[in-house]
Amino acid sequence: MKTLFLLAACIIMLQNAAAQSVVPVNVPSQTTTRTPIAEGPNVWGVFHGRVPCQPMAPVMHVTVQANCEKLKWGFTFYQDPQTKKPTTYQWDGSLFRDKPRTGQWTLVKGTAENPDATVIQLDPDQPEKSIFLLKGDENVLFILDGSKKFMVGGDYLSYTFNRVSNRVSNGVSNRAGN
Amino acid sequence: MLLLAGWAASGWDKTRYAISPEPEIFVAATPCDAVPRHLLAIPTNLDCEMIKWRLTLRRDPRNLGRDDFKLQYTYGMTKPGTQGFMNDGFTKEISGKWVISKNNGQTPGKQLFTLQPTDSQTAITLLQMSDRMLHLLDTQGHLMIGNAGFSYTFNKQNANL
């Protein structure tokens, strides 16, 4: 009886210790698209997000309708499976419903405020249509304006894109890039 | 003239008596994932998909190290076709002190803003991406990862006016 009591006490103590050491997970969310997103050794990552429409139009050198409030986009970045070097990208969603925008991408250094920051440049071979995204880390990207400055959103939308996955990860150790 | 001379001699310190600068306000709409639920003590079993944050940061030049913050937040399920909540959501407010520290991490950013709520041991840390933008960090110091709908970026209110 005494042994059973001690055993029960030990189990309760272990459960409490486990509960106290639980760290909430911060991992890419599962995609909400109907079809699975691209994955494999030739894919660096897929990033989804929504941005304010009107301020984005001049950055892209396009005109949008006056009632355009937000743009829902997905970026798929491909890489060379062997060298891991950037190759092509596909840009899906608003403005590109009929035909995704595609092109090459590369990594460059420096924003208006930080010369060491890593920046993704879309279409480096066509600078007049290049779009820049600051690589916050492996999971979060921030759109920059033509001067490579952060674009500032409001209380509902930002200019941030988040890595998404085909399945829900189950732990901190599954963080992409870590 | 005598009055002025006496006033100068009394050691009037313009800096010491300077009026506090206007508080800075940052706003955000974020997912309601495990980390913010932990930070804001939102029940894990409550249906919640969005949190709207309004963070007021005040610096008090008269009391160095005693800067305070106020965080108002509303959480709940989104109301389709609007930017609001079903049944207006749940609104709460916390306050406390905040400190600035150097960003020693690998993530590009200027400084770390750490909020220490008065009634909680759980600190909230944001990375200052620019003067007009912050981003929430997780308890390990990583950028919080949002989803297709919402991100963890805090934008300075009226930054584009």
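Two strands count as paired here if DSSP finds at least two bridges between them, and in this predicted model one such bridge puts I25(B) of β1(B) together with T56(B) of β2(B).

**Figure 1. The first strand of chain B and its two neighbours.** Strand β1 of chain B covers residues 24-30, and five of these seven residues are buried, so the strand is largely enclosed by the rest of the structure. On one flank, β1(B) pairs with strand β2 (residues 50-58) of chain B in the antiparallel sense, and seven bridges tie the two together. Look for I25(B) and its bridge partner T56(B) in this pair. β1(B) also has an antiparallel partner in strand β8 (residues 153-156) of chain B, this time through two bridges. Here V27(B) is the residue to find, with N155(B) of β8(B) as its bridge partner.

**Figure 2. The barrel of chain B.** Zoom out a bit and the pairings of Figure 1 turn out to belong to a barrel: eight strands of chain B close up in the order β1-β2-β3-β4-β5-β6-β7-β8, with antiparallel pairing. From one strand to the next, the twist averages 30°. One of the pairs to pick out is strand β6 (residues 124-130) of chain B with strand β7 (residues 133-136) of chain B, an antiparallel pair held by four bridges. In this pair, S130(B) has M133(B) of β7(B) as its bridge partner.

**Figure 3. How far to trust chain B.** The average pLDDT of chain B is 87, and 84% of its residues score at least 70. Which stretch should you read with care? For residues 1-19 of chain B, pLDDT stays under 50. The model has four contacts beyond four places in sequence for that stretch. As for the complex, the predictor gives an ipTM of 0.85 and a pTM of 0.86.

**Figure 4. Chain A from end to end.** Chain A has two helices and nine strands. Follow the sequence along and the elements come in the pattern α-β-β-α-β-β-β-β-β-β-β. The chain has 178 residues, and 29% of them count as buried. Take the contacts in chain A with a separation of 6 or more: 41% of them are between residues 24 or more positions apart.

**Figure 5. Walking across strands β4 to β6 of chain A.** Start at strand β4 (residues 86-93) of chain A, which runs antiparallel to strand β5 (residues 101-109) of chain A and is joined to it by four bridges. W91(A) is worth finding here, as its bridge partner in β5(A) is R101(A). The next step goes from β5(A) to strand β6 (residues 118-122) of chain A, again antiparallel, with five bridges. Across this pair, W105(A) stands opposite L122(A) of β6(A).

**Figure 6. Strand β7 of chain A between its neighbours.** Strand β7 of chain A takes in residues 131-135; four of its five residues are buried, so β7(A) is largely enclosed by the rest of the structure. Four bridges link β6(A) and β7(A), which run antiparallel, and V119(A) stands opposite L134(A) of β7(A). Towards β8(A) there are also four bridges, and that pair too is antiparallel. K135(A) stands opposite L141(A) of β8(A), and a hairpin takes the chain from β7(A) to β8(A) through four residues.

**Figure 7. The largest nonpolar core.** This core has 66 residues, and the ones with the most contacts inside it are L133(A), L144(A) and F154(B). Which element gives the most to the core? Strand β8 (residues 140-144) of chain A does, with five residues. Centre your view on L133(A) and, leaving out residues up to four places away in sequence, you'll find that it touches V119(A), I120(A), L141(A), F142(A), I143(A), L144(A) and F161(A).

**Figure 8. Where the two chains meet.** On the chain A side, 32 residues are in contact with 30 residues of chain B. Two elements of chain A give two or more residues to this side, β2 (43-52) and β9 (160-165). β9(A) gives the most, with four residues. What kinds of residue make up the side of chain A that touches chain B? They divide into 13 nonpolar, 13 polar and six charged.

Technical notes: Residues numbered from 1 in each chain as written. Chains lettered and ligands numbered in written order. Predicted model: local features only at pLDDT ≥ 70, side-chain atom pairs only at ≥ 80, totals over all residues. Contact = placed C-beta atoms within 7 Å. Nonpolar A, V, L, I, M, F, W, Y, C, P; charged D, E, K, R; others polar. Axes fitted to C-alpha atoms, helices over the stretch in contact; angles between N-to-C directions. pLDDT = per-residue confidence, 0-100. Buried ≥ 20, exposed ≤ 12 C-beta atoms within 10 Å, placed from the backbone. Core = buried A, V, L, I, M, F, W, Y, C linked by C-beta atoms within 7 Å.
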